Amino acid sequence: MSEVRVLVGTQKGAFILTSDAKRSSWDVRGPLFAGWEIYHMNGSPADPQRLYASQSNGWFGQVIQRSNDGGQTWEAVGNKFAYEGVPGTHQWYDGTQHPWDSNVSGSCNRR
């Protein structure tokens, strides 16, 4: 039978809930990262044992955590969220391609 896994992030930590396909009973692990706010948890589509958790704290900021063993152990993978590479273009309403750009004031730049 296949396993069902639910990843839950809360203000008080993270939880991993698992059950068999019938979902008649659940195993609850947690809280992981007790005392940290976990805004997002995600499983990798390429590797079911790889999990990511986004933890945040008003003092330390945001840190991405990664587990390669289904949540048994975790390691911080950093907090750099910059896109590396050429951003490319997007299609305008008239069908022409334009490079992505932004303005700090929040309005769109048109070329």
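**Entry 1: H98 and how I read the model**

I began with H98, which counts as buried at 13% relative accessibility, where buried means under 20% relative accessible area, exposed over 50% and partly exposed in between, with a 1.4 Å probe and protein chains only. I placed H98 in strand β9, residues 97-99, taking strands as DSSP runs of E with at least two residues and helices as runs of H or I with at least four, numbered from the N terminus. The side chain of H98 makes a polar contact of 2.9 Å with the side chain of T96; such a contact is a pair of N or O atoms within 3.5 Å, and within protein one atom must be able to donate a hydrogen and the other to accept it, while residues adjacent in sequence count only if both atoms are side-chain atoms.

I noted that this is a predicted model, in which local features need pLDDT of at least 70 and side-chain atom pairs count only at pLDDT 80 or more, whereas totals for chains, interfaces and linings use all residues. Residues are numbered from 1 along each chain as its sequence is written, and side-chain values use heavy atoms, with hydrogens and water left out.

**Entry 2: Overall make-up**

I looked up the secondary structure and found nine strands and zero helices in the protein, so that the order of elements from the N terminus is β-β-β-β-β-β-β-β-β by the DSSP runs. Of the 111 residues, 23% count as buried.

**Entry 3: β5 and its neighbours**

I then asked which strands pair with β5. β5 (residues 51-57) pairs with β6 (residues 61-67) in the antiparallel sense over seven bridges, and β4 pairs with β5, also antiparallel, over six bridges; two strands pair if DSSP finds at least two bridges between them. The connection from β5 to β6 is a hairpin through three residues, and I found N57 to have G61 of β6 as its bridge partner. On the β4 side, H40 stands opposite S54 in β5.

β5 is mostly covered, with five of its seven residues buried. I looked closely at A53, which lies in β5 and is buried with a relative accessible area of 1%. A53 stands opposite Q65 in β6, and the C-alpha atoms of A53 and I64 are separated by 5.8 Å although these residues are 11 apart along the chain. I followed Q65 onward and found that its bridge partner in β7 is A76, where β6 and β7 (residues 75-78) pair in the antiparallel sense over three bridges.

**Entry 4: β1, β2 and a surface patch**

At the start of the chain, I found eight bridges joining β1 to β2 (residues 13-20), and the two strands run antiparallel. They form a hairpin with two residues between them, and the bridge partner of L7 in β2 is I16.

I also checked V6, which lies in β1 (residues 3-10) and is partly exposed, with a relative accessible area of 34%. V6, W26 and V28 form a nonpolar patch on the surface, with about 250 Å² of accessible area together. Patches are made of residues with over 30% relative accessible area and no salt bridge, like charges being joined within 9 Å and nonpolar side chains (Val, Leu, Ile, Met, Phe, Trp, Tyr) within 5 Å. A salt bridge here is a side-chain nitrogen of Lys or Arg within 4 Å of a carboxyl oxygen of Asp or Glu, and accessible areas come from the Shrake-Rupley method with a 1.4 Å probe, where for residues only the protein chains shown count as cover.

**Entry 5: Aromatic pairs**

How many aromatic pairs does a search of the whole structure find? I recorded two, with rings of Phe, Tyr and Trp (its six-membered ring) pairing if their centres lie within 6.5 Å, and with planes under 30 degrees apart counted as stacked, over 60 as edge-to-face and the rest as tilted. F33 and W74 form an edge-to-face pair, 5.1 Å centre to centre with 70 degrees between the planes. This pair links distant parts of the chain, 41 residues apart, with F33 in the loop between β3 (27-32) and β4 (37-43) and W74 in the loop between β6 and β7. F33 is buried, with a relative accessible area of 17%.

The rings of W92 and Y93 have their centres 6.0 Å apart and their planes at 15 degrees, so I logged this pair as stacked. I noted that W92 counts as buried at 18% relative accessibility, whereas Y93 is exposed at 77%.
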